[in-house]
Amino acid sequence: MDFSFLPTLVIVVVLLLMASFVISRVFRAEMKCNRCQGTGEVNEHWPDPSEPSGFHHVEGACPKCKGRGKVPVK
Ligand SMILES: [Zn+2]
């Protein structure tokens, strides 16, 4: 049995995996997050109907895009 082709095969597979990874990163469709308007940060207040004078408050990294400012298009 001749296994001299194995290193070449491994290199080809690794290159294919890297290429598909890069392509998926570059061409993955993303759109601006509509919750933080692409900033990745939110500072939201809105009334809480369950409490007479209650307010919801979300500040900091956007919970929708995890602070990235972009969300993948489904
Ligand atoms: Zn966001």
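This dialogue explains how to read several features of the structure shown above.

Biologist: What kind of model is this, and how are its residues numbered?

Modeller: This is a predicted model, in which local features need pLDDT of at least 70 and side-chain atom pairs count only at pLDDT 80 or more, while totals for chains, interfaces and linings use all residues. Residues are numbered from 1 along each chain as its sequence is written, and side-chain values use heavy atoms, with hydrogens and water left out.

Biologist: Which residues are the protein donors of the zinc ion?

Modeller: Donors are N, O and S atoms within 2.8 Å of the metal (3.2 Å for Na, K and Ca); water is not among the atoms, so sites may look incomplete. Here the SG atoms of Cys33, Cys36, Cys62 and Cys65 serve as the protein donors, lying 2.3 Å from the zinc ion. Along the sequence, these donor residues follow the spacing C-x2-C-x25-C-x2-C.

Biologist: Which arrangement do the four donor atoms make around the zinc ion?

Modeller: Ideal angles at a metal are 109.5 degrees for four tetrahedral donors, and 90 or 180 degrees for six octahedral ones. By definition, four donors count as tetrahedral if all angles lie between 85 and 135 degrees; four count as square planar and six as octahedral if opposite donors are over 155 degrees apart and all others between 65 and 115; anything else is irregular. In this model the four donor atoms subtend angles of 102 to 117° around the zinc ion, and the arrangement is therefore tetrahedral.

Biologist: Where in the chain do Cys36 and Cys62 lie?

Modeller: Helices (H or I, at least four residues) and strands (E, at least two) are DSSP runs, numbered from the N terminus. Cys36 is in the loop between strand S1 (30–32) and strand S2 (41–47), whereas Cys62 is in the loop between strand S3 (55–61) and strand S4 (70–72). The two residues are 26 residues apart, and the pair links distant parts of the chain.

Biologist: Are Cys36 and Cys62 buried or exposed?

Modeller: Buried means under 20% relative accessible area, exposed over 50%, and partly exposed in between (1.4 Å probe, protein chains only). Both Cys36 and Cys62 are buried. Cys36 counts as buried because its relative accessible area is 4%. Cys65, another of the zinc donors, is also buried, at 3%.

Biologist: How many disulfides does the count give?

Modeller: A disulfide is a pair of cysteine sulfur atoms within 2.5 Å. By this rule, the count is zero disulfides.

Biologist: How many salt bridges does a search of the whole structure find?

Modeller: A salt bridge is a side-chain nitrogen of Lys or Arg within 4 Å of a carboxyl oxygen of Asp or Glu. The search finds three salt bridges. One of them joins the side chains of Glu44 and Arg35 at 2.9 Å, N to O. Arg35 is partly exposed, since its relative accessibility is 32%.

Biologist: Which residues are linked in a network of salt bridges?

Modeller: The network links Glu30, Arg68 and Lys70. The side chain of Glu30 meets that of Arg68 at 2.5 Å, N to O. That pair links distant parts of the chain, with Glu30 in strand S1 and Arg68 in the loop between S3 and S4, 38 residues apart. The side chain of Glu30 also meets that of Lys70, at 3.7 Å, N to O. Here too the pair links distant parts of the chain, as Lys70 lies in strand S4, 40 residues from Glu30. Each partner is partly exposed: Glu30 at 29%, Arg68 at 46% and Lys70 at 42%.

Biologist: Which residues form a nonpolar patch on the surface?

Modeller: Patches are made of residues with over 30% relative accessible area and no salt bridge: like charges are joined within 9 Å, nonpolar side chains (Val, Leu, Ile, Met, Phe, Trp, Tyr) within 5 Å. Accessible areas come from the Shrake-Rupley method with a 1.4 Å probe; for residues, only the protein chains shown count as cover. The patch consists of Met1, Phe3, Phe5, Leu6, Leu9, Val13 and Leu17, with about 770 Å² of accessible area together. Among them, Leu6 is found in helix H1 (residues 6–27) and is partly exposed at 36%. Leu9 lies in helix H1 as well, and its relative accessibility of 44% makes it partly exposed.

Biologist: Which residue in the loop between S3 and S4 has a positive phi although it is not a glycine?

Modeller: Lys66 has a positive phi of about 60°, and it counts as exposed because its relative accessibility is 65%. Gln37, in the loop between S1 and S2, likewise has a positive phi, near 60°.
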